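Biologist: I should like a close look at one buried charged side chain and its surroundings. Please set out its position, its partners and the salt bridges found elsewhere.

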Amino acid sequence: MKLVEQLPKKYDIKLITDTWNDIKSQLTEDDWFDTGNGFKVSIQHKGVASYTEGCGWMLDSESDYIYINPLFKDTIFEEIINDFGGFRARMLVMNSKSVYAVHQDRGKRIHLAIESNDSSFFVFPKEEEVYHIPVDGHLYKVDTSKFHTFFN
């Protein structure tokens, strides 16, 4: 598998953006998980609705996060998650001029860019590869089990 692979199904990016903007306007300050270089919001939880549960470092099983949080219920986000059998889905908002520490995740991730710029990249230092995920309605499977970082 390539490090970043575009998946064939394309979603309506305007619907996704409009839905996200509507949800974002309803979130409170306490619903955002501060990462230090941006913020995360959980689309899914593992039993009790929470927009921050599952956003930080995980010691438990990611596959327990299967329940849709109320603001995401019956939206395009739930449709996408159902289409791919997704779990522990989150929205990530990264501050400009920020970078994540080089790390590796437990497995591959599916990414959907909703808002981006030409200076946002996944970087895989050991493979010496750089990828930009466009805002095009496609999901991208990213092999985050490899050491990587992300620049914005």
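Modeller: The account below begins with Arg88 and then turns to other salt bridges. This is a predicted model, in which local features need pLDDT of at least 70 and side-chain atom pairs count only at pLDDT 80 or more, while totals for chains, interfaces and linings use all residues. Residues are numbered from 1 along each chain as its sequence is written, and side-chain values use heavy atoms, with hydrogens and water left out.

Arg88 is found in the loop between helix H2 (76–84) and strand S6 (90–94); helices (H or I, at least four residues) and strands (E, at least two) are DSSP runs, numbered from the N terminus. Arg88 counts as buried because its relative accessible area is 8%, where buried means under 20%, exposed over 50% and partly exposed in between (1.4 Å probe, protein chains only).

The side chain of Arg88 meets that of Glu62 in a salt bridge, with N to O at 2.5 Å. This pair links distant parts of the chain, 26 residues apart, since Glu62 lies in the loop between S4 and S5. Glu62 is also buried, at 10% relative accessibility. A salt bridge here is a side-chain nitrogen of Lys or Arg within 4 Å of a carboxyl oxygen of Asp or Glu. Glu62 and Arg88 belong to a network of salt bridges that also includes Asp105 and Arg109.

Backbone oxygens approach the same arginine: that of Gly54 lies 2.7 Å from a polar atom of the Arg88 side chain, and that of Gly56 lies 2.9 Å from a polar atom of this side chain. Leaving aside neighbours within four places in sequence, Arg88 is in contact (heavy atoms within 4.5 Å) with residues including Gln44, Cys55, Met58 and Tyr65.

A search of the whole structure finds six salt bridges. One of them joins the side chains of Lys9 and Asp83, at 2.8 Å from N to O. That pair connects strand S1 (residues 4–10), which holds Lys9, to helix H2, which holds Asp83, across 74 residues. Lys9 is partly exposed at 38% relative accessibility, and Asp83 is partly exposed at 37%. Glu78 forms a further salt bridge with Lys73, the closest N and O atoms being 2.9 Å apart. In this pair Glu78 is buried, at 11% relative accessibility, whereas Lys73 is partly exposed, at 41%.

Key. Polar contact = N/O pair within 3.5 Å; in protein donor to acceptor, adjacent residues only side chain to side chain.
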